[in-house]
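Got the structure open and wondering where to start? Here's a quick tour in question form.

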Amino acid sequence: MIKAGSALSREPSAERAARQAAESAMQKGSMESADLVIAFATSHYSHEYTKLLNTLSEVTGTDNILGCSSGGVLTAEGEVEGSLSLSVVAVQGIKSTPFLESVAEEESVNVITKVLGRLEKQTSVGDTVLLLADPLTVDVLGLVRSVDESFPGVSIIGAASSTMAIPPR
C-alpha cells in the first residue's frame, strides 16, 4: 500500500524547517519511514541545503531525496512566494531511483540521450517518471517529448526549476 504525507514549513533555520516539515509529513502519512522524499526549498535556505538534506534523511529514514530550489511553494497548506518556505512530501510503498544529470548549456541534447538511457534500464509500462529540469540548460519540451515517444504507457509528471536570485544572507 502506498502512503504519503505532505507539509510546509516557514521556519528560518533549514534544520528546524526540515525537521518540522518531515515530521509533519510522516505523521500525516502515518509512516515511521519513507521510501522517497520530495522537497522544494526556496533559495533563502541556500547556505544550509546540506543541513536541510541531512535532516530530511535523518527524520524520514531514506537517502532517496529529490527536489529543487524554488521561488515559492504550493501545498495544501497554502502558497508561499518570495519568502522562505520548505515543502516536503514523504512517500512509502514505492520504488524510486532518483538521479541527477548535470550539463553545460551546449550539451542539452546530450542530457536527453543520457536520461533516456537511464530510463530504458529502469522503466516499464505503467510506471510514472518525475522530471525536474532546469529550463536554462535543458530543452524541457524536447526532454518531455523524447520520454513520451520512447516510453509509451509511462506517465510523466514534473516541473521546471525556478531561476529566482539567491537573497542576501
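The questions below go from the sheet to the cores and then to one residue.

This is a predicted model, where local features need pLDDT of at least 70 and side-chain atom pairs count only at pLDDT 80 or more, while totals for chains, interfaces and linings use all residues. Residues are numbered from 1 along each chain as its sequence is written, and side-chain values use heavy atoms, leaving out hydrogens and water.

Q: In what order do the four strands of the open sheet lie?
A: Strands here are DSSP runs of E, at least two residues long, and helices are runs of H or I, at least four, both numbered from the N terminus. Two strands pair if DSSP finds at least two bridges between them. The pairing is mixed in this open sheet, and the order is 1-6-2-3.

Q: Which strands stand at the edges?
A: An edge strand has a single partner, so one side of it is left without a neighbour in the sheet. That's the case for strand 1 (3–9) and strand 3 (65–70).

Q: How many bridges join strand 2 to strand 3?
A: Strand 2 covers residues 36–42 and runs parallel to strand 3. Phe40 stands opposite Cys68 in strand 3. The number of bridges joining these two strands is six.

Q: What angle does the direction of helix 2 make with that of strand 2?
A: Helix 2 (residues 49–60) packs on the sheet, touching strand 2, strand 3 and strand 6. Axes are lines fitted to C-alpha atoms (for helices, over the stretch in contact), with angles from 0 to 180 degrees between N-to-C directions. On that scale, the angle is about 150°.

Q: Which element gives the most to the largest nonpolar core?
A: Such a core is a set of buried Ala, Val, Leu, Ile, Met, Phe, Trp, Tyr and Cys residues joined through side-chain atoms within 4.5 Å; buried means under 20% relative accessible area, exposed over 50%, and partly exposed in between (1.4 Å probe, protein chains only). This one has 21 residues, and Val37, Leu56 and Val88 are among those that touch the most other members. With seven residues, the top contributor is helix 1.

Q: Is Leu119 buried or exposed?
A: Leu119 is found in helix 3 (residues 108–122). Leaving aside neighbours within four places in sequence, Leu119 is in contact (heavy atoms within 4.5 Å) with Phe99, Val129, Val147 and Phe151. Because its relative accessibility is 6%, Leu119 counts as buried.
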